[in-house]
Amino acid sequence: MSSSNQGGMRNMTIGSPAGHIFTFALPLLAGSFLQQLYNMVDSWVVGRYVGDGALAAVGVGFPVIFMFTSLFMGLSNGGTVVIAQFYGAGKLDRVRDAVDTIYTAFAVSAVPITVLAMALVKPILAVMRVEQSAYAEAWLYLIVVCAGLAGTIGYNLNAGILGGLGNSRTTLLFLAISAGMNIVLDLVLVLWGGMGVLGVALGTIISQAFSWLFGLFYINRNYPAIAIRPFCRRFDQALFRQIMGIGLPAGIQMSLVALGAMAVMSKINSYGKAFTAAYNVGSRLDQMAFLPVQSLSSAVTAFVGQNIGAKRLDRARQGIRVTVLAAVVWSAVMLVLIPLGPSLVGFFTESPVVIQAGAVYLKCIMPFYVLFSVMFCLNNAMRGAGDSVFPMVDVIFSLILVRVPAVYWFANHWGPNYMYYGIGVGWTVGFALSVLYYASGRWKRRGSLAEEG
């Protein structure tokens with residue numbers, strides 16, 4: 001472990017903190033860009049060639065799918081932190097145990113989660129008050145995508161395992177394959193095959209399943225030390241408790257945030273499919289703007305994890321400072337989305353109502369983006385140190401208990417053009433709490449998980 005980069009695995013306990021973070025983040029950024037690109041291709045294809053109802057249906061699907069995959073994404077995040085700390089401490093045998101335990105848990109629970117997700121589609125659409133003209137397409141899209149959840153979950157597990165080892169380049173390869181396939185399938189199934197929303201949904205699940213299976217093949221061939229054996233039935237209960245001790249709060253947090261997003265969408269949907277379509281496009285654009293921050297936060301999770309494992313708290317703090325500064329600078333640059341809003345939304349739709357509503361969305365939320373970016377990076381850094389309870393509490397309080405009522409308050413008192421300021425209120429509260437908790441130093445109490453294992 002004397003080299004900072006061995007066989008694609010990156011030892012972040014030596015060398016420049018900034019160099020490690022940016023080198024790790026860049027492939028994640030490229031991969032996330034590809035992922036958002038094919039999400040935007042989905043929106044462009046249905047918005048331009050199917051209609052606003054289909055565009056609204058695809059937009060409705062995102063928070064629902066996110067909710068169903070969140071618990072497994074929590075498992076992936078917990079795996080990243082535990083693997084990073086074991087790797088930082090030089091305990092490669094425990095890394096092997098963690099990989100087997102993660103995949104055994106996945107093999108046992110993937111099918112029940114898929115069946116449950118499909119069964120809940122109708123009740124969720126009813127709660128979200130999806131407009132009748134978009135209901136049939138939303139139901140079809142969600143049923144098909146829920147049936148293919150295993151591919152999405154499997155990809156995230158592969159990415160989490162490699163992330164703990166400091167390897168983000170291979171994840172980029174997996175995403176490049178998925179994005180390329182998805183774009184081609186969208187064009188073939190929707191434009192040539194005339195399958196509409198069904199074509200978009202099929203393109204999504206086929207490309208994600210192929211990316212996951214290719215990831216299994218690639219990891220097993222090129223990284224025999226961590227070869228994935230989905231049905232090996234090796235399960236370390238104590239290690240699983242460690243992983244879920246970090247991952248379960250993260251998974252619960254993401255699931256509840258998805259529920260909060262669905263509550264927000266319920267209010268948006270009540271104003272008609274034009275507002276739903278506008279929110280879909282606007283959120284795609286702001287998600288694209290957020291990708292560098294998201295990639296930096298993933299990098300700092302792995303960086304802090306490895307250095308806490310190696311008992312290098314000084315380096316962990318250096319990496320956090322670099323990450324937060326970079327996130328602030330990028331968020332300031334992205335204020336350019338406000339004047340460019342109408343033109344960018346207009347790329348997806350020719351409807352003047354949708355363009356105007358999408359531009360309002362960007363105008364309301366972008367001034368607050370820097371606060372959300374700092375909150376996001378600090379929470380992920382603290383999660384890398386093994387403290388995932390505070391980030392969960394912070395996000396649940398700010399993004400659900402504050403954000404959702406604030407959106408409804410602004411909508412009811414000022415109208416739909418002002419409701420998105422409620423999102424900014426939630427981000428402001430979350431930012432204040434995360435900064436105060438980080439400054440208190442309480443996130444450092446957990447110490448190295450590798451010593452427990």
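Start with who touches whom: among contacts in the protein between residues at least 6 apart in sequence, 83% join residues at least 24 apart. A contact here means heavy atoms within 4.5 Å.

Before going on, a word about what you're looking at. This is a predicted model, so local features need pLDDT of at least 70 and side-chain atom pairs count only at pLDDT 80 or more, while totals for chains, interfaces and linings use all residues. Residues are numbered from 1 along each chain as its sequence is written, and side-chain values use heavy atoms, with hydrogens and water left out.

Now for the overall build. You'll find 17 helices and 2 strands in the protein; these are DSSP runs numbered from the N terminus, with helices being H or I over at least four residues and strands being E over at least two. The radius of gyration is 21 Å, close to the 22 Å that the globule rule gives for 453 residues, so the protein is as compact as a globular protein of that length. That radius is taken over C-alpha atoms, and the globule rule is 2.2 Å times the number of residues to the power 0.38. If you drew a box around the C-alpha atoms along the principal axes, it would be roughly 60 × 45 × 35 Å.

What about inside and outside? Buried residues make up 60% of the 453 residues, where buried means under 20% relative accessible area, exposed means over 50%, and partly exposed is in between (1.4 Å probe, protein chains only). The protein exposes about 16,800 Å², and carbon and sulfur atoms supply 69% of that. Those areas come from the Shrake-Rupley method with a 1.4 Å probe, and for residues only the protein chains shown count as cover. As for charge, there are 28 positive and 16 negative side chains, and the centres of the two sets lie 6 Å apart. Lys and Arg count as positive and Asp and Glu as negative, leaving out His and the chain ends; each charge is placed at NZ of Lys, CZ of Arg, CG of Asp or CD of Glu.

Let's zoom in on some residues. Phe372 sits in helix α14, which covers residues 369-384, and it is buried because its relative accessible area is 12%. Leaving aside residues up to four places away in sequence, Phe372 touches Phe290, Leu399 and Trp427. Its C-alpha atom is 8.4 Å from that of Gly424, 52 residues apart along the chain.

Two cysteines are worth a look. Cys364 counts as buried at 2% relative accessibility, and Cys377 is buried too, at 1%. How many disulfides are there? The count comes to 0, a disulfide being a pair of cysteine sulfur atoms within 2.5 Å.

Next, try helix α9 (residues 237-269), where you'll meet Gly251. Gly251 is buried, with a relative accessible area of 0%. In the loop between α8 (196-222) and α9 you'll spot Tyr223, which is buried at 9%. The C-alpha atoms of Tyr223 and Leu162 are 9.9 Å apart, with their positions 61 residues apart along the chain.

Is Lys311 buried or exposed? Lys311 is exposed, with a relative accessible area of 62%. You'll find Lys311 in the loop between α10 (273-309) and α11 (313-333), and its phi is near 60°, a positive value in a residue other than glycine.

Finally, Trp44 belongs to helix α1 (residues 17-49). Trp44 counts as partly exposed, at 25% relative accessibility, and its C-alpha atom is separated from that of Val82 by 39 Å, although the two are 38 residues apart along the chain.
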